[in-house]
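Biologist: Could you take me through this model slowly, one feature after another, and explain each term when it comes up?

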Amino acid sequence: MAMVVTLKEVAERAGVSRSAVSRAFTDGASVSDKMRRKVEKAARELGYSPNALASSLTTGRTKLIGLVSNNFHNPIFLEVFDLFTRGLQDRGLRPLLVNLTDETDPENSVRMLRQYSVDGVVVASSTLPPGFAKAFRDAQVPVVHSFGRYSSAPQVHVVGIDNMECGRMAVRELAARGHKKIAFLGGPETATSTQDRLSGFMQEVAQHPKIKVAYSYANAYSFEAGRHEMLRLLEQPNHAEAYFCGDDVLSIGALSAIEERGLSVPDDIGILGLNDMEMAGWENINLTTIHQPIRQIITSSIELMVAMLDEPDRYPEARIFPCSVVERGTLKPVTK
């Protein structure tokens with residue numbers, strides 16, 4: 001087993017003090033270019049890598065960013081976590097993934113993250129209550145709520161979409177295809193994303209008096225929850241002609257239920273999703289959906305977090321990105 005090279009050995013090889021070596025590997029520390037080159041040359045020759053934890057004792061920063069979420073069984077979070085972890089690492093930060101699926105007390109989350117001395121927290125969830133992000137802010141931990149609820153006067157930095165507008169957009173799309181009986185199949189009723197999408201959905205339905213509407217909820221944003229709720233709905237004699245599902249994974253579960261009942265999509269029932277996750281475009285799914293610009297939301301969230309590390313008192317802002325419909329095969333064409 002190779003021996004670990006120490007800072008002392010690098011100092012001896014470079015002919016400098018140990019503090020000079022430490023400064024050479026500390027961002028923003030005062031050290032001449034000549035001294036830095038000598039230290040880096042000695043480090044390369046010895047195969048030395050600076051100890052990030054030891055460096056944090058000197059700088060007071062761990063560069064750890066808590067990446068907090070729940071609903072890990074939703075496959076879209078594989079995409080979200082991939083983009084977040086790579087994006088944070090590209091900025092010299094280290095993500096610490098925290099699963100809050102069973103957590104209900106924001107204060108417990110704050111205590112947990114403080115144990116790891118994180119420099120900041122990204123709450124990456126549309127189903128965790130806003131109180132989780134606010135608890136970190138109140139504890140003076142820099143926080144960004146990604147996929148959070150839009151507010152014109154946010155208490156923390158929020159990056160996401162206007163979920164009410166997505167609900168309105170869904171009704172316009174279903175109406176444009178001539179549907180007269182439509183429904184909203186949401187995620188958990190307690191999720192702010194579900195509440196806002198339904199609110200926008202019902203607002204827009206009010207502009208179409210000839211359209212009959214219904215709504216129901218699945219108990220999670222998951223394949224099984226979407227499948228179970230659609231099977232229940234199909235047992236009713238007057239089910240809707242088309243459904244706006246609260247996200248793509250619910251939609252895929254609904255498609256499975258419809259196929260099991262021997263019905264055809266989109267001829268018998270239309271399905272519209274939300275997110276445009278990678279699976280939505282798979283040939284055997286081919287889901288018509290509302291595209292949420294996940295990559296831009298994550299990039300913007302990381303930009304805000306980096307800015308907050310240098311300016312912790314930065315005034316909270318909401319960055320909201322527009323959505324658009326991606327036409328595939330689960331809705332009839334727009335009627336002319």
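Biologist: Which strand is joined to strand E8 (residues 242-245) by three bridges?
Modeller: Helices (H or I, at least four residues) and strands (E, at least two) are DSSP runs, numbered from the N terminus, and two strands pair if DSSP finds at least two bridges between them. Ala242 stands opposite Gly270, and the two strands run parallel. The strand joined to E8 by three bridges is E9 (residues 270-275).

Biologist: Before we continue, what kind of model is this?
Modeller: Residues are numbered from 1 along each chain as its sequence is written, and side-chain values use heavy atoms, with hydrogens and water left out. Local features need pLDDT of at least 70 and side-chain atom pairs count only at pLDDT 80 or more, while totals for chains, interfaces and linings use all residues, because the model is predicted.

Biologist: Which strands are the edge strands of the open sheet?
Modeller: The open sheet has six strands in the order E7-E6-E8-E9-E10-E12, with mixed pairing. An edge strand here pairs on one side only, and this holds for strand E7 (212-217) and strand E12 (324-326). From one strand to the next the twist averages 25°, where axes are lines fitted to C-alpha atoms, for helices over the stretch in contact, and angles run from 0 to 180 degrees between N-to-C directions. The edge strands are therefore E7 and E12.

Biologist: Which helix packs on the sheet, touching strand E6 (181-186)?
Modeller: Contact means heavy atoms within 4.5 Å, and the helix in question touches E7, E8 and E9 as well as E6. Its direction makes about 165° with that of E6. The helix is H9 (residues 192-205).

Biologist: Ser193 is in helix H9; is Ser193 buried or exposed?
Modeller: Not counting residues up to four places away in sequence, Ser193 touches Ser126, Asn163 and Tyr221. The side chains of Ser193 and Ser126 are joined by a polar contact of 3.4 Å, a polar contact being a pair of N or O atoms within 3.5 Å, of which, within protein, one must be able to donate a hydrogen and the other to accept it, and residues adjacent in sequence count only if both atoms are side-chain atoms. Buried means under 20% relative accessible area, exposed over 50%, and partly exposed in between (1.4 Å probe, protein chains only). Because the relative accessible area of Ser193 is 1%, Ser193 is buried.

Biologist: How many disulfides are there?
Modeller: A disulfide is a covalent bond between the sulfur atoms of two cysteines, and the rule used here is a pair of cysteine sulfur atoms within 2.5 Å. By this rule the count comes to zero; Cys166 is in no disulfide, and its nearest cysteine sulfur, that of Cys323, is 3.7 Å away. The sulfur of Cys245 is too far for a bond, because the closest cysteine sulfur, in Cys166, is 14 Å away. The number of disulfides is zero.

Biologist: In which direction, right-handed or left-handed, does helix H5 pass helix H12?
Modeller: The axes of H5 (residues 76-90) and H12 (residues 294-310) come within 10 Å and cross at roughly 35°, and the residues that meet include Leu83 in H5 and Ile298 in H12. A crossing is left-handed if the near helix is turned anticlockwise from the far one by less than a right angle, and right-handed if clockwise. The crossing of H5 and H12 is right-handed.
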